[in-house]
Amino acid sequence: PNIKKIFDIIFVLIQIAPFANVSAITASQKQLFDEGIYYYNYNSGTCNQLTDYIGNGPAEGLAFPNVTSVPDLVTNIDNYIVKIRPNSPFVGMGNQFVAAGQKYKVNPALVVALAYKEEGLGTADNFTTKSSHDSFGTTGITGFKNDTYGFAIFDSFEASIDPVTKYVSDSFVLSTGAYYSINIYQMMTHYTPDGVEAATQLTLEVMHKILDPIVSNSNASTNIDQTLSDIQSNCGSSSSSGSSSSGSGGVSYSGTANGFSLTGPNAMAHFYQGDTRWASKPYGSWTIKANGCGITSVAMVVDTLKNLNYTPDYYATKYGSYDTQGGSSWSLFPAVAKDSGLKEENLDKNLASAADYIRTGGLVIISVRAGAFTTGGHLMVIRAIDASGNFYLANPGAWTNANSTETTGYSASYLINQGALYNLFGFKK
């Protein structure tokens, strides 16, 4: 993404040194971060059941976090910067980092971490830092010229905070971004092609120091988000990473994939609209085979989460009024959820939220336009996500299984671009 690599391995080592043996993450915990997992609910005593996300974003996530006090977040950033780099030009600018984070829905601690990782919070003694006031190693930011080395030129270090935060949002946090990522590690594979492992750990540890004291985790008797420090003190090295264990709703959380399988002991209710048992049955003024991808997806979601043992024709009869010439009306989803006692949420195009639903035992219906999956419009179910952040589908239209849509893991960028992602609808108990 036209981002400067860490410029000197010696400088990397200098940056990492202050963190030695302080809030270090274990190999198994790092694997959890690689998988996009940020919190555990250790109240159950098992240390392996994911919580529902509370608030605007996970403490070590890319989005603006759920904190007990925004002013405290400003103070924590100020205190961190002056402690780790007292000569930094960013000293006293916690308010600017937080204001930009709120404006663009980005975790401000992440932006601080990037400034530290790339140029020591503006203290690196090199030409680029001095001449362009760029502590982030960025190029190609709209509205800003580049220096002779290709890096963005800002009027001051303070003036760099807002546009860089916007760049992070546009490129990595928003689902429409060219390098959309669901966790820090995935972001670093694009942001820092070299030294991804070290950059990931350094970034996480900066964020822990700023955020752990003020994330909303004071009420440990409820499913409030837990931070990495909580995991370390209450669970130690997670026993679930790299092995399989049973979570909510019978979903298997493992080192390779979270969600539902098509077959086996963890199989979801799995239907095709072309199944001869109901293909010709009516769905509104059409048939299930011709126009029933939405109602068949509903059948898979509800029967998986509620174990009702109803087939698509039951839902087609009950909800026939939601059939339109173009397919199922989106108002079908909240209506079915209400009748079935499920939580339903319109997720727009937010695949990070979709991943949250999968990891907490839910399912997601995905609506796509003409693209890799259809020449018109189509509805399917996102059933699982693997350790690399790839999504797996249950495709109601793949009756003959002539294509590989149900066994292929699709990246977020593929679903957005080639898959022509239109909308997402999350369901959970």
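1. Arginine 369 places its charged end over the ring of tyrosine 422, 3.6 Å from the centre of that ring. The model discussed here is a predicted one. Tyrosine 422 also belongs to an aromatic cluster, together with Trp330, Phe333, Phe425 and Phe427. A further charge-over-ring arrangement involves lysine 428, which lies over the face of tyrosine 357 at 4.6 Å from the ring centre.

2. Aromatic pairs deserve separate comment. A search of the whole structure yields 18 of them. One of these joins phenylalanine 90 and phenylalanine 157 in an edge-to-face arrangement, with 5.6 Å from centre to centre and 70° between the planes. Phenylalanine 90 is located in the loop between helix H3 (70–84) and helix H4 (94–104), whereas phenylalanine 157 is located in helix H7 (residues 157–173), so the pair ties together parts that lie 67 residues apart in sequence. Both phenylalanine 90 and phenylalanine 157 are buried.

3. The rings of tyrosine 314 and tyrosine 315 also form a pair; their centres are 5.1 Å apart and their planes stand at 90°, so this pair is edge-to-face. Are the two tyrosines buried or partly exposed? Tyrosine 314 has a relative accessibility of 32% and therefore counts as partly exposed. Tyrosine 315, with 2% relative accessibility, counts as buried.

4. Proline 312 is part of helix H13 (residues 312–318). Its relative accessibility is 0%, so proline 312 counts as buried. Tryptophan 278 is 34 residues away from proline 312 in sequence, and the two are 7.3 Å apart in space, C-alpha to C-alpha. With neighbours within four places in sequence left aside, proline 312 is in contact with Phe271, Trp278, Ile288, Ile295, Thr296 and Ala299.

5. The nonpolar interior may be considered next. The largest nonpolar core comprises 49 residues, and those with the most contacts inside it are Phe90, Phe97, Leu110, Val112, Phe136, Val168 and Ile210. At least two residues of this core come from each of H3, H4, helix H5 (108–119), H7, helix H8 (184–191) and helix H9 (196–211). Apart from this core lies another, of 31 residues, which includes Met268, Ile288, Ile295 and Phe333. In soluble globular proteins, nonpolar side chains tend to be buried together.

6. Which residues does phenylalanine 97 contact, leaving aside its neighbours within four places in sequence? The partners of phenylalanine 97 are Ile77, Ile81, Phe90, Pro108, Val111, Val112, Phe136 and Ile161. Among them, Phe90, Val112 and Phe136 are named with Phe97 as residues having the most contacts inside the largest core.

7. Helix H7 also carries serine 169. This serine is buried, with a relative accessible area of 3%. Once neighbours within four places in sequence are set aside, serine 169 is in contact with Tyr104, Val106 and Leu174.

8. A final point concerns a strand hairpin. Strand S10 (residues 377–386) and strand S11 (residues 391–394) run antiparallel and are joined by four bridges. Within this pairing, isoleucine 382 of the model stands opposite leucine 393 in S11. The hairpin has four residues between its strands, and glycine 389 takes a positive phi near 85°.

Technical notes. Residues numbered from 1 in each chain as written. Predicted model: local features only at pLDDT ≥ 70, side-chain atom pairs only at ≥ 80, totals over all residues. Heavy atoms only, no water. Pairing = 2+ DSSP bridges. Phe/Tyr/Trp six-rings, centres within 6.5 Å; stacked < 30°, edge-to-face > 60°. Buried < 20%, exposed > 50% of the residue type's maximum accessible area, 1.4 Å probe, protein only. Lys NZ or Arg CZ within 6 Å of the ring centre and 35° of its normal. Contact = heavy atoms within 4.5 Å. Core = buried A, V, L, I, M, F, W, Y, C linked by side-chain atoms within 4.5 Å.
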